[in-house]
Amino acid sequence: MFGKSVTAIKNFSAEEIRTVLDAAYKFKQIIRRGGNKKLSNLRGKAIVNLFYEPSTRTRTSFELAGKYLGADVVSINSGTSSIVKGESLRDTLRTIEAMGVDAIVMRHKAEGAADFATQVVKPVIINAGDGAHAHPSQALLDLFTIEQRKGRLAGLKVAIVGDILHSRVARSDVYAMTRMGMEVRFAGFKTLLPRFFEFDGVKVYESLDEAISGVDVINVLRIQLERQQAGLFPSTREYARVFGINDERLRLAADDVLILHPGPQNKGLEISSAVTYCEQSAIHDQVQNGVAVRMALLDLTLGGGA
Ligand code: CP
């Protein structure tokens with residue numbers, strides 16, 4: 001994977017996904033052992049985080065991942081950069097490239113922005129989310145979290161619930177999960193499902209109760225209020241009643257069902273506070289695992305996994 005840009009998980013084979021997960025186990029041990037976490041794998045490498053959209057988890061964990069591996073990492077805040085003066089994406093990328101960086105981790109509202117970047121500059125490009133298209137590192141950390149908690153991936157059933165139409169997480173998870181032998185179900189209001197159904201083998205449910213019956217994992221998606229057009233669901237109250245994951249709903253699922261949410265959450269809308277903090281919730285693990293998985297991705301693509 002040395003030198004490979006990571007723009008979408010659908011470009012990863014099952015073997016490459018396995019390689020990332022195996023490396024992440026090693027890095028998670030290093031993060032958790034306490035004391036000095038700093039390694040020298042990427043000493044002398046420079047990474048720029050270029051985020052055109054807000055982020056807490058992805059941006060911070062990529063920054064920490066690069067620093068733990070010994071790289072120099074700079075995060076550009078789009079609001080205080082020359083982007084606000086109207087500099088184009090191409091010019092911004094070329095400007096960063098000219099400073100001698102080895103990788104650009106980027107988030108952009110336009111689908112295909114990361115692929116575009118691979119065509120205009122030479123550094124490794126890691127897609128940290130492009131519109132509703134892809135969020136590959138999120139899919140990898142979701143797989144890692146499931147495997148850690150369930151002990152396997154193949155054969156598990158997952159219900160992905162909510163705003164699938166606007167979700168790069170759903171689009172990335174479905175490729176990653178099916179590639180690793182998992183069964184994926186989608187559940188949501190019809191208006192929040194993709195209009196042109198592009199996923200082979202995914203079962204679609206309009207009843208949440210049916211969708212979560214017998215599954216091993218429920219991945220609750222954030223309702224992306226910032227990307228919504230009006231009228232896609234009757235009201236937030238109605239959404240919470242029909243598709244919200246709360247204690248009552250959880251009782252319909254298996255006792256050991258695992259709860260995921262990529263964050264940030266709209267509490268009381270797609271998920272209740274009680275479910276977020278219940279025993280089956282792995283939401284906190286997802287955040288911690290994000291650092292280990294992103295260390296694995298950076299080490300494999302920039303350091304050759306040495
Ligand atoms: N899951 C996720 O992408 O979260 P952030 O927007 O906080 O990075």
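## N127 and the ligand shell

Leaving aside neighbours within four places in sequence, N127 touches V6, T7, M106, A114, A134 and P136 in this predicted model.

Me: What makes those residues contacts of N127?
Reply: Contact means heavy atoms within 4.5 Å, and V6, T7, M106, A114, A134 and P136 are in contact with N127 on that basis.

Me: Why is N127 called buried?
Reply: The relative accessible area of N127 is 1%. Buried means under 20%, so N127 counts as buried. As for where it sits, N127 is in strand β4, residues 124-130.

Me: What makes the link between the side chains of N127 and D130 a polar contact?
Reply: The distance is 2.9 Å, and the cut-off for a pair of N or O atoms is within 3.5 Å, so the pair qualifies. The N127 side chain also reaches the backbone nitrogen of G129, at 2.8 Å.

Me: Now the ligand. Which residues are around it?
Reply: S55, T56, R57, T58, R107, H135, Q138, P262 and G263. By class, that shell has one nonpolar, six polar and two charged residues.

Me: How do you know that a polar side-chain atom of R107 is in polar contact with the ligand?
Reply: That atom lies 2.9 Å from a ligand oxygen, and the limit is 3.5 Å, so it passes. Q138 has a polar side-chain atom 3.0 Å from a ligand nitrogen, while a polar backbone atom of G263 is 3.4 Å from a nitrogen of the ligand. The protein covers 92% of the 250 Å² of accessible area that the ligand has on its own.

How values were computed
Residues are numbered from 1 along each chain as its sequence is written. This is a predicted model: local features need pLDDT of at least 70, side-chain atom pairs count only at pLDDT 80 or more; totals for chains, interfaces and linings use all residues. Side-chain values use heavy atoms; hydrogens and water are left out. A residue is near a molecule or strand if one of its heavy atoms lies within 4 Å of it. A polar contact is a pair of N or O atoms within 3.5 Å; within protein, one must be able to donate a hydrogen and the other to accept it, and residues adjacent in sequence count only if both atoms are side-chain atoms. Accessible areas come from the Shrake-Rupley method with a 1.4 Å probe; for residues, only the protein chains shown count as cover. Ala, Val, Leu, Ile, Met, Phe, Trp, Tyr, Cys and Pro count as nonpolar, Asp, Glu, Lys and Arg as charged, and the others, Gly among them, as polar. Helices (H or I, at least four residues) and strands (E, at least two) are DSSP runs, numbered from the N terminus. Buried means under 20% relative accessible area, exposed over 50%, partly exposed in between (1.4 Å probe, protein chains only).
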